[in-house]
Amino acid sequence: MSTQQSLPPNPVETLLRTDRMPHIWCPGCGIGTTMNCFARALQQARLDLDKVVIVSGIGCTGRVAGYAHLDSFHTTHGRAIPFATGLKLANPELTVVVYSGDGDLIAIGGNHFIHAARRNVDLKVICVNNFIYGMTGGQVGPTTPATALTSTTPYGCPEQPFNLPHLAESAGAVYVARWTAYHVRQITHSMVEMFRKSGFCFLEILSPCPTLYQRRNRLGDGLEAMKYYKEASVTRHGAPTKEVALSFQGPIVVGKFVDVERPTYLELLNQQLARALEAQYTGCIEEHVRG
Amino acid sequence: MPAETKPPDGAAEMAATSRSRRPRGTIVLKPERCKGCGFCIAFCPPRVLAFSAGFNALGYHPPELIRPEGCTGCDLCGLYCPDFAIYGIMLKDSAAQLADAVRGEETA
């Protein structure tokens, strides 16, 4: 192994708790791929890793907080965004990343998601969408496409799924992008843009779930899903988010859909307190919170 | 033997003797982490990877570099690998660094 010391290390290795490897994700799962992109984005954005915090909820993607060698917190189901909001308000210097799955962020944490977007809390929300509740056994979720088979919809999902970029934009997110696990360079680029932007940033990453979603729908393994993403994806930057809804094995519109400026929650709060308290206000909300 | 099927240690010699045939990059493997998803093999732009015949402790076939002279060190395998088992590096002019890389790969 001494011969390898002269080589540049794997960029993701510095981000990993290597004592916990190999991880529990299935062969062909795309979550690890998104972590590679995240590690490289952190490097490219030259962030101080002591000031980067990663918050996850429950689920397969929720394990990211446990594997990332950063200050990380694994919250209760759906509560990643409220915890992250508290972190950001108490310590505005931090770059707070919420890294979680579709079931955690949009189903159980759906209410928190829309309100954090509405307030424009400065969070970088990365949602790995595998269309299903993975860790609990493949139940139907709010992102499961209509007609897809899951363990709780054996005759096919009868519901219309959420169009996540449209939901995020409607609720007030200032940055909305969607890529698939196949688009590794684009994911990295979007993550760097999110790190440099303030406000509620939302990145949806479609990712294969070979064990539950692919297998039950007879869609092959993780590699087959990646090939589908490659063939079915159409990049349309700035596309109206209303038109980017997903369907079962249908075309996938990817790209950066929204990139606008709006004052963040913290800025508005500071302005209001400065107006109301005038000379008493130190300009720093956390000092007032701590007393 | 055609250049395509040269073994990795042949690549090191080639790098030392001929600048024109020198590989631009190589891969570094941690085979014990590989779960055989095949992403690196399918999406390698110069198509220099293939499943090896051997098994790792988890029972999967890790990839191997079958055409070392074709590797550009683009690190796309490193970006795709969901198990953090492989990454690519670009080699500068040092033949010693390449020899190290090749040796490291064999012992890893």
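**Notes on a predicted two-strand neighbourhood and what surrounds it**

1. Let's start in the middle of things: β5(A) runs parallel to β6(A), and 6 bridges hold the pairing. Keep in mind that this is a predicted model. One pair to look for is A177(A), which sits opposite L203(A) in β6(A).

2. Now turn to the other neighbour of β5(A). Strand β5, residues 175–180 of chain A, also pairs with strand β8, residues 252–259 of chain A, but here the sense is antiparallel and there are 4 bridges. A177(A) turns up again, with K256(A) as its bridge partner in β8(A).

3. Is β5(A) buried or exposed? Mostly covered: 6 of its 6 residues are buried. You can check this face by face, with Y175(A), A177(A) and W179(A) on one side, and V176(A), R178(A) and T180(A) on the other, all of them buried. That split follows a familiar pattern, as side chains in a regular strand alternate between the two faces of the sheet.

4. Zoom out to the whole sheet. It is open, has 8 strands and mixed pairing, and reads β2-β1-β3-β4-β6-β5-β8-β7 in chain A. At the edges are β2 (71–74) and β7 (233–235) of chain A, each of which pairs on one side only. From one strand to the next, the twist averages 20°.

5. Which helix packs on the sheet and touches β5, β6, β7 and β8 of chain A? That is α9 (residues 222–232) of chain A, whose direction makes about 40° with that of β7(A). Its buried residues include G222(A), A225(A), M226(A) and Y229(A). Looking down the axis of α9(A), the buried residues fall within an arc of 100°, so they line one face of the helix. The general background is that an α-helix has 3.6 residues a turn, so residues three or four places apart point the same way.

6. What do those buried residues of α9(A) pack against? In chain A the list is β5, β6, α8 (210–216), β7 and β8, and α2 (39–43) of chain B joins them. So don't hide chain B when you look at this helix.

7. Next, the nonpolar core. The largest one has 104 residues, and V98(A), F200(A) and F202(A) have the most contacts inside it. Helix α1 (residues 31–44) of chain A gives the most to this core, namely 7 residues. To see one of these hubs up close, pick V98(A): leaving out residues up to four places away in sequence, it touches V55(A), A80(A), I81(A), A84(A), L123(A), K124(A), V125(A) and I126(A).

8. A few overall figures for chain A. Its secondary structure comes to 11 helices and 8 strands. The C-alpha trace spans about 65 × 55 × 35 Å along its principal axes. The radius of gyration is 19 Å, which agrees with the value near 19 Å for a compact globule of 291 residues. Buried residues make up 49% of the 291. Of the contacts between residues at least 6 apart in sequence, 66% join residues at least 24 apart.

9. Finally, a look at chain B. In strand β1 (residues 25–29) of chain B, 4 of the 5 residues are buried, so this strand is largely enclosed by the rest of the structure. β1(B) runs antiparallel to strand β4 (residues 86–90) of chain B, joined by 5 bridges. There, G25(B) stands opposite M90(B) of β4(B).

Notes: Residues are numbered from 1 along each chain as its sequence is written. Chains are lettered from A and ligands numbered from 1 in the order in which they are written. This is a predicted model: local features need pLDDT of at least 70, side-chain atom pairs count only at pLDDT 80 or more; totals for chains, interfaces and linings use all residues. Two strands pair if DSSP finds at least two bridges between them. Helices (H or I, at least four residues) and strands (E, at least two) are DSSP runs, numbered from the N terminus. Axes are lines fitted to C-alpha atoms, for helices over the stretch in contact, and angles run from 0 to 180 degrees between N-to-C directions. Two residues are in contact if their C-beta atoms, placed from the backbone, lie within 7 Å. A residue is buried if 20 or more other C-beta atoms lie within 10 Å of its own, exposed if 12 or fewer, and partly exposed in between; C-beta atoms are placed from the backbone. The arc is that of the directions from the helix axis to the C-beta atoms. A nonpolar core is a set of buried Ala, Val, Leu, Ile, Met, Phe, Trp, Tyr and Cys residues joined through C-beta atoms within 7 Å. The radius of gyration is taken over C-alpha atoms; the globule rule is 2.2 Å times the number of residues to the power 0.38.
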